[in-house]
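Reader: Please examine one part of this model closely, namely a helix, its surroundings and its packing. I should welcome a single connected account with the terms defined.

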Amino acid sequence: KFSILSSGSGGNSIYVEAGGKRILIDAGLSERKLSARMTRIDRNFSGMDAVFVTHEHSDHIRGVGPLLRRHEIPFFTTEGTWRRANHIIGKVSSCNTIRENEPVHFGELSVEPYSIPHDAEEPVSFVIRYQGKSLGIATDLGRVTPEVIKKLKNLDALLIEANHDISMLEAGPYPWITKKRIKSDVGHLSNEDCGELLASVNHSNLKLVVLMHMSETNNHPELAKITAQQALGESSPEIILAKQNHPTELLSI
């Protein structure tokens, strides 16, 4: 089971549990807010097996330090991310280094990092597997690469970025430099990019697609959803939208 506790530029965090193991991917809200989100899905942080961090941007690490210190949860991230983030995260008991394509195992639950193109030091995203079921995460990437497509094939569920509508972004209020960054090869996926990726990895056993990291300024939920539905065609799995301000229910695959 999993829940997207928060998704968007204000903070990102995903909770996953399987086989008695429980992990968190990113902690981009304050520890207090994350705990409140966990309470809303009837869970808490005591006895968690791991916190993984994808990259060092504040909307992914804001709550990491307080969370690790308060609950003494093992911490996992890449060497590059730790180098950039350690002064923000502060003192933690240990940092376990992860590398792309080297899965970390918690019993039967496996967490495999893969490299993504984003404007950070050593960013990764994850494919999570348990007893033949698989969940892929693809957010904070500026373009769709062959490596990304390869990792996200034949999954049961996919959490995928639909950050912006290109024309809304171009006409919107953001400064030019910010627009340029978002549209760049190391920025964020547009609805069209999301559709392209979905079309590349779609298969008959894909059960659930969650649209993630949607801009409140430069996108509209219906636009993102229609683009995803068109890309998935007839075999359309269930499509839901992750929110910034409240968690999804606990989802099963």
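Author: Axes are lines fitted to C-alpha atoms, for helices over the stretch in contact, and angles run from 0 to 180 degrees between N-to-C directions. Helices (H or I, at least four residues) and strands (E, at least two) are DSSP runs, numbered from the N terminus. The model is predicted, so local features need pLDDT of at least 70 and side-chain atom pairs count only at pLDDT 80 or more, while totals for chains, interfaces and linings use all residues. Residues are numbered from 1 along each chain as its sequence is written, and side-chain values use heavy atoms, with hydrogens and water left out.

The part chosen is helix H1, residues 31-40. Its axis lies 8 Å from that of H3, and the two helices pack at an angle of about 70°. H1 is therefore roughly perpendicular to H3, a term for angles of 65 to 115 degrees. On the H1 side, the contact (heavy atoms within 4.5 Å) is made by Glu-31, Leu-34 and Ser-35; H3 contributes Pro-66, Leu-67, Arg-70 and His-71. By class, three of these residues are nonpolar, two polar and two charged. In this scheme Ala, Val, Leu, Ile, Met, Phe, Trp, Tyr, Cys and Pro count as nonpolar, Asp, Glu, Lys and Arg as charged, and the others, Gly among them, as polar.

Glu-31 and Leu-34 are also buried, as are Arg-37 and Met-38; buried means under 20% relative accessible area, exposed over 50%, and partly exposed in between (1.4 Å probe, protein chains only). Because these four buried residues cover an arc of only 120° around the axis, they are on the same side of H1. The arc is that of the directions from the helix axis to the C-beta atoms. Besides helix H3 (64-71), the buried residues of H1 pack against strands E1 (2-6), E2 (13-18) and E3 (21-25). Arg-32, Thr-39 and Arg-40 are exposed, on the face of H1 turned away from its buried side.

The backbone beyond each of the two helices deserves attention as well. Most residues other than glycine have a negative phi. Just after H1, however, Asp-42 takes a positive phi of about 65°. In the loop between H3 and strand E5 (75-77) lies Glu-72, a residue other than glycine whose phi is positive, near 50°. Glu-72 is exposed, with a relative accessible area of 66%.

Key
Angles under 35 degrees count as roughly parallel, over 145 as roughly antiparallel, 65 to 115 as roughly perpendicular and the rest as oblique.
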